[in-house]
Amino acid sequence: RGEGNYAGFGGQSEYAIGAAYVFDFNGSSWVEQQKLRASSPEEQSFFGGAADVDGDTILVGSFGRNGGISHGAGAAYFFERQGGQLVEVLETKGMMPGFTHKLGRNVALEGDFAVIASGGEDLLGNPQGALHPYRRLQGVWEPEPLIQVGNLGTWDLFALDVSIDGTQVATGAYLESLPSSLSPGAGFVYQLPTRFHLIIGPLPI
């Protein structure tokens, strides 16, 4: 994803360690500016599987990282520009990392808000998915309360994707069911930091 004259892209290298590439538009073409890696790279971490950029901040997902916790727990990395170079300022593994949570499968960043998707996050033992919001306060990224929907089914696939505009966050659960139909899906819109949400989806017939 890009912002203004900057763009960030993920890529998978040997053994799926991964990397993220930052490009600058010089007025006529895109020029590679910097290659980013996790501070503690590991195989099968898929660093760079998702990336977003806003101003001098880049957020990179690493949904396969285990970090000594469990396979596929995932992680995400915040980079900020310092002295002309992007420097890692935070690695987050979520509040309760777990097997196949896949934190960082998708990420979204705007201003002082960031949201990290964790499509396999557990809720009462069921992989229902969750969003991890972060807010930058006085230059430090701090976690906001987790966003989950308690009445979803186990495989409704909530929070596989995420998008942010201003303080509004959107995600989906494209296999959510209604009593009158099979898996029509639903969309969810949240307002940060208050986290009120609307549900958008096909109406029952």
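**An all-strand chain and its two cores**

The chain comes out with 18 strands and zero helices. This is a predicted model, so what follows describes a prediction. Of the 205 residues in the chain, 43% are buried. The exposed surface comes to about 10000 Å², and carbon and sulfur atoms supply 54% of that area. Contacts reach along the sequence too: among those between residues at least 6 apart, 44% join residues at least 24 apart.

One good place to start is an open sheet of four strands. Going across it, the order is β9-β10-β13-β14, and the pairing is antiparallel. The edges are β9, residues 103-110, and β14, residues 140-143, each of which pairs on one side only. On average, neighbouring strands in this sheet are turned by 25° against each other, leaving direction aside. As a general point, strands of a sheet pair through backbone hydrogen bonds, either parallel or antiparallel. Here, β9 and β10 (residues 113-118) are paired in the antiparallel sense over six bridges. To pick out one spot along that pairing, Ala-108 has Val-115 in β10 as its bridge partner.

Strand β10 turns up again in the largest nonpolar core. This core has 17 residues, and the members touching the most others are Leu-131, Phe-158 and Val-169. Two or more residues each come from β10, β16 (168-173) and β17 (186-191). What does Leu-131 touch, setting aside residues up to four places away in sequence? Its contacts include Val-115, Ile-116 and Ala-117. Leu-131 also touches Leu-146, Ile-147, Phe-158, Ala-159, Val-162, Val-169 and Thr-171. Val-115 is thus on the list for Leu-131, besides being the bridge partner of Ala-108.

The other two strands named for this core, β16 and β17, are themselves joined. They run antiparallel, with six bridges between them. Along that pairing, Ala-170 is matched with Val-189 in β17. Strand β17 is mostly covered, with five of its six residues buried.

Apart from this core lies another one, made up of 13 residues, among them Phe-47, Val-53, Ile-58 and Ala-75. Two of those names, Phe-47 and Ile-58, are also on the contact list of Leu-36. Leu-36 sits in strand β4. Is Leu-36 buried or exposed? Its relative accessible area is 2%, well inside the under-20% range that makes a residue buried, so Leu-36 counts as buried. Beyond residues up to four places away in sequence, Leu-36 touches Ala-19, Ala-20, Val-22, Phe-47, Ile-58, Phe-79 and Leu-86. Gly-48 is twelve residues from Leu-36 along the chain, and the C-alpha atoms of the two are separated by 8.7 Å.

Loops can hold buried residues as well, and Ser-45 is an example: it is placed in the loop between β4 (30-36) and β5 (47-54). With a relative accessible area of 3%, Ser-45 is buried. Where does the side chain of Ser-45 reach? It comes to the backbone oxygen of Ile-17, at 3.1 Å. Ile-17 also belongs to the wider set of residues that Ser-45 touches, again not counting those up to four places away in sequence. The rest of that set is Ala-16, Ser-62, Phe-63, Gly-64 and Arg-65.

Definitions and conventions:
Residues are numbered from 1 along each chain as its sequence is written. This is a predicted model: local features need pLDDT of at least 70, side-chain atom pairs count only at pLDDT 80 or more; totals for chains, interfaces and linings use all residues. Side-chain values use heavy atoms; hydrogens and water are left out. Two strands pair if DSSP finds at least two bridges between them. Axes are lines fitted to C-alpha atoms, for helices over the stretch in contact, and angles run from 0 to 180 degrees between N-to-C directions. Buried means under 20% relative accessible area, exposed over 50%, partly exposed in between (1.4 Å probe, protein chains only). A polar contact is a pair of N or O atoms within 3.5 Å; within protein, one must be able to donate a hydrogen and the other to accept it, and residues adjacent in sequence count only if both atoms are side-chain atoms. Contact means heavy atoms within 4.5 Å. A nonpolar core is a set of buried Ala, Val, Leu, Ile, Met, Phe, Trp, Tyr and Cys residues joined through side-chain atoms within 4.5 Å. Accessible areas come from the Shrake-Rupley method with a 1.4 Å probe; for residues, only the protein chains shown count as cover.
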